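Open the model in a viewer and keep the sequence panel visible. The tour below goes from one selection to the next and says what is there.

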Amino acid sequence: NQKGQEEGAGRQILRDSDGIFISEGQFKSGVLNGYARIICSTSSEESHYVGYLKLGSYHGYGKAVYKSGEVEDGQWDVNEFIFECFNSKSRGFGVL
């Protein structure tokens, strides 16, 4: 662990002139790693994500909700939504 890098459970709030970014969860070497919640509210985007991350990327099961009303609820692989869970309209790739 380098000086100033978060380890374990925590909250990070970043603000700038465009908006706010809030992340809560497990940190490893200063980035989210494990179960987390992310809220992003800027002049151009509003979204939130609850689920698993791997070294800062959406990875594993998670749910993202966007300002448009779109919901992506399922499996993620390095920030790419790959498979919708718990819905008969499954999409994605791979072998089940």
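The stops run from the whole chain to single residues and pairs.

**The whole chain**

Begin with everything shown as a cartoon, and bear in mind that this is a predicted model. Colour by secondary structure: seven strands appear and zero helices. Read from the N terminus, the elements are β-β-β-β-β-β-β. Next, switch to a surface. About 6,500 Å² of the protein is exposed, with 51% of that area supplied by carbon and sulfur atoms. Of the 96 residues, 27% are buried. If you compute a contact map, take the contacts with a separation of 6 or more: residues 24 or more positions apart account for 7% of them.

**The sheet**

Return to the cartoon and follow the strands across. They form an open sheet of seven strands in the order β1-β2-β3-β4-β5-β6-β7, and the pairing is antiparallel. Select 8-16 and 80-84 to see the edge strands, β1 and β7, each of which pairs on one side only. Neighbouring strands in this sheet are turned against each other by 20° on average, with direction ignored. As background, strands of a sheet pair through backbone hydrogen bonds, in a parallel or an antiparallel manner.

**S23 in β2**

Select residues 19-28, strand β2, and pick out S23 within that strand. Is S23 buried or exposed? S23 counts as buried because its relative accessibility is 1%, and the cut-off for buried is under 20%. Now show what surrounds this serine. Beyond residues up to four places away in sequence, S23 touches G10, R11, Q12, L32, R37 and I38.

**Y35 and Y52**

Move on to strand β3, residues 31-42, where Y35 is located. With a relative accessible area of 46%, Y35 is partly exposed. Leave out the neighbours within four places in sequence, and the contacts of Y35 are E24, G25, Q26, V50, G51 and Y52.

Add Y52 to the selection. The C-alpha atoms of Y35 and Y52 are 4.4 Å apart, although 17 residues separate the two in sequence. Y52 is likewise partly exposed, its relative accessible area being 43%.

Now display the rings. The structure has five aromatic pairs. Y35 and Y52 make an edge-to-face pair, with 5.2 Å from centre to centre and 65° between the planes. This pair links distant parts of the chain, since Y35 belongs to β3 and Y52 to β4, residues 46-54.

**Y49 and W76**

Keep the rings on and select Y49 with W76. These two form an edge-to-face aromatic pair as well, at 5.8 Å centre to centre and 90° between the planes. Y49 is in β4 and W76 in β6, so the pair ties together parts 27 residues apart in sequence. Both Y49 and W76 are buried. Which residues form the aromatic cluster with Y49 and W76? Extend the selection to Y58 and F81: the four residues Y49, Y58, W76 and F81 form one aromatic cluster.

**The β6-β7 hairpin**

Stay with W76 and look across to β7, where F81 stands opposite W76. Select residues 71-77 for strand β6, which runs antiparallel to β7 and is joined to β7 by four bridges. One place to check the pairing is G74, whose bridge partner in β7 is E84. Then go to the turn. The hairpin of β6 and β7 has two residues between the strands, and V78 takes a positive phi near 50° there.

**E72 and Y66**

For the last stop, select E72, also in strand β6. Because its relative accessibility is 13%, E72 counts as buried. Add Y66 and draw the distance between the two side chains: a polar contact of 2.8 Å joins E72 and Y66.

Notes. Residues numbered from 1 in each chain as written. Predicted model: local features only at pLDDT ≥ 70, side-chain atom pairs only at ≥ 80, totals over all residues. Heavy atoms only, no water. Buried < 20%, exposed > 50% of the residue type's maximum accessible area, 1.4 Å probe, protein only. Contact = heavy atoms within 4.5 Å. Areas by Shrake-Rupley, 256 points an atom, 1.4 Å probe, with all protein chains shown as cover. Pairing = 2+ DSSP bridges. Axes fitted to C-alpha atoms, helices over the stretch in contact; angles between N-to-C directions. Phe/Tyr/Trp six-rings, centres within 6.5 Å; stacked < 30°, edge-to-face > 60°. Polar contact = N/O pair within 3.5 Å; in protein donor to acceptor, adjacent residues only side chain to side chain.
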